[in-house]
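Grab the viewer and work through these short exercises. Each one comes with a worked solution.

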Amino acid sequence: SETRQTRATIDYYHDIYFGAENEGPRQASFERIGEMQRILEERGIRFVVAVFPLFYRPPLSAYPLGRIHARVVEELDARGVEVIDLLPAYEAHRFWDKFLVHPLDRHPSAEAIEVAARYLRDHFEMEEAIARR
């Protein structure tokens, strides 16, 4: 059934991401990002990581890969890296098909990038307004 296939796909993504064979590469990636942040900070440059969702969400259900987002945010926070999870920018949208480049390619479409850009703009404008107070 489609539900079983969907569950298998979600489990597959979790298994790949959290699997023991990915522990070393995952930690190495986080360390590289932390090093990038340290280098840029020394140069007086602000470094912010924006985490896009994988545009995979069965209709009328919650985003199934939130645990991965939580881990990325946790790991980057622990290294002092500023991170913004873009998932909230997309959660208000019922269907995500419009955010795909192509039905077989889950990279963000132009519309998905515009949603992210507006979300980030609003985030930084609000941050700036708070700092002016």
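**Warm-up: a hairpin**

β3 and β4 form a hairpin with two residues between them. This is a predicted model, where local features need pLDDT of at least 70, side-chain atom pairs count only at pLDDT 80 or more, and totals for chains, interfaces and linings use all residues. Residues are numbered from 1 along each chain as its sequence is written, and side-chain values use heavy atoms, leaving out hydrogens and water.

**Exercise 1.** Work out in which sense β3 and β4 pair, and which residue stands opposite L100.

*Solution.* Start with the strands, which are DSSP runs of E with at least two residues, numbered from the N terminus (helices are H or I runs of at least four). β3 covers residues 100-102 and pairs with β4 in the antiparallel sense over two bridges; pairing takes at least two DSSP bridges between the strands. Then look across from L100: you'll land on P108 in β4.

**Exercise 2.** Place S109 and decide: buried or exposed?

*Solution.* First, find S109 in the loop between β4 (105-108) and α5 (110-132). Next, check its relative accessible area: S109 is at 10%, so it's buried (under 20%; exposed is over 50%, partly exposed in between, with a 1.4 Å probe and protein chains only). Finally, skip neighbours within four places in sequence, and S109 is in contact with K98, F99, L100 and V101 (heavy atoms within 4.5 Å).

**Exercise 3.** Do the same for Y56: where is it, and what does it touch?

*Solution.* Y56 sits in the loop between β1 (48-51) and α3 (66-78). With 12% relative accessibility, Y56 counts as buried. Not counting residues up to four places away in sequence, Y56 touches T6, T9, I10, Y63, P64, W96 and R106.
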